[in-house]
Amino acid sequence: MNKVYMIVQTNDGNSIGEYINIMGIYNNKEEANIRLENLNKKIDDRGFLKNSDSQTRYLYECKEVEMGKDIDLYLGGYSK
């Protein structure tokens with residue numbers, strides 16, 4: 001069973017909706033975790049960017065997906 005690991009960013013668009021971005025796709029879990037750790041270093045414990053006045057909150061996750069199969073993976077999102 002081959003898997004890929006997607007790093008997904010969710011941000012609240014400064015309270016005007018929710019945006020989902022793929023920040024990387026890796027075939028190695030260790031590489032995905034390194035990317036995830038590096039992204040998480042940029043935000044504080046509340047999800048705001050460090051050293052920024054931005055009021056946008058961020059959340060980073062690693063989604064594990066099996067390659068070569070159809071999937072229906074809800075990533076989220078909404079707009080106001």
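**Salt bridges, core and surface of the predicted model**

K3, K29 and E64 are linked in a network of salt bridges, a salt bridge being a side-chain nitrogen of Lys or Arg within 4 Å of a carboxyl oxygen of Asp or Glu. This is a predicted model, in which local features need pLDDT of at least 70 and side-chain atom pairs count only at pLDDT 80 or more, while totals for chains, interfaces and linings use all residues. Residues are numbered from 1 along each chain as its sequence is written, and side-chain values use heavy atoms, with hydrogens and water left out.

First, the overall layout. The protein chain has one helix and four strands, where helices (H or I, at least four residues) and strands (E, at least two) are DSSP runs numbered from the N terminus. Going along the sequence, these elements come in the pattern β-β-α-β-β. The C-alpha trace spans about 45 × 30 × 15 Å along its principal axes. Of the 80 residues, 29% count as buried; here buried means under 20% relative accessible area, exposed over 50%, and partly exposed in between (1.4 Å probe, protein chains only). The chain exposes about 5,700 Å², with carbon and sulfur atoms supplying 45% of that area. Accessible areas come from the Shrake-Rupley method with a 1.4 Å probe, and for residues only the protein chains shown count as cover. Among contacts (heavy atoms within 4.5 Å) between residues at least 6 apart in sequence, 53% join residues at least 24 apart.

Back to the charged pairs. Side chains of opposite charge can pair when their charged atoms come close. A search of the whole structure turns up five salt bridges. In one of them, the side chains of K3 and E64 meet at 2.5 Å, N to O. K3 sits in strand β1 and E64 in strand β3, so this pair ties together parts that are 61 residues apart in sequence. K3 is partly exposed, at 25% relative accessible area, and E64 is also partly exposed, at 41%. E64 has another partner in K29, the closest N and O atoms being 3.9 Å apart. Since K29 belongs to helix α1 and E64 to strand β3, the pair ties together parts that are 35 residues apart in sequence. K29 is partly exposed as well, with a relative accessible area of 38%.

A further salt bridge joins D44 and R46, whose closest N and O atoms are 3.8 Å apart. D44 is partly exposed, at 23% relative accessible area, whereas R46 counts as exposed, at 53% relative accessibility.

Now for the inside. The largest nonpolar core has nine residues in all: Y5, I7, Y26, A32, L36, L39, I43, Y58 and Y60. Such a core is a set of buried Ala, Val, Leu, Ile, Met, Phe, Trp, Tyr and Cys residues joined through side-chain atoms within 4.5 Å. Two or more residues each come from β1 (3–11), α1 (29–40) and β3 (58–66), and α1 gives the largest share, three residues. One core member, I7, is in contact with N21, I22, M23, G24, Y26, A32, R35, L36, L39, E61 and C62, leaving aside its neighbours within four places in sequence.

T10 is placed in strand β1 and is buried, with a relative accessible area of 11%. Not counting residues up to four places away in sequence, T10 touches E18, Y19, I20, R57, Y58, L59 and E61.

On the outside, I71, L73 and L75 make a nonpolar surface patch of about 240 Å². Patches are made of residues with over 30% relative accessible area and no salt bridge; like charges are joined within 9 Å, and nonpolar side chains (Val, Leu, Ile, Met, Phe, Trp, Tyr) within 5 Å. I71 is found in the loop between β3 and β4 (78–79) and is exposed, with a relative accessible area of 51%. G68 also lies in the loop between β3 and β4, and at 85% relative accessibility G68 counts as exposed. The C-alpha atoms of G68 and N2 are separated by 8.1 Å, with the two residues 66 apart along the chain.
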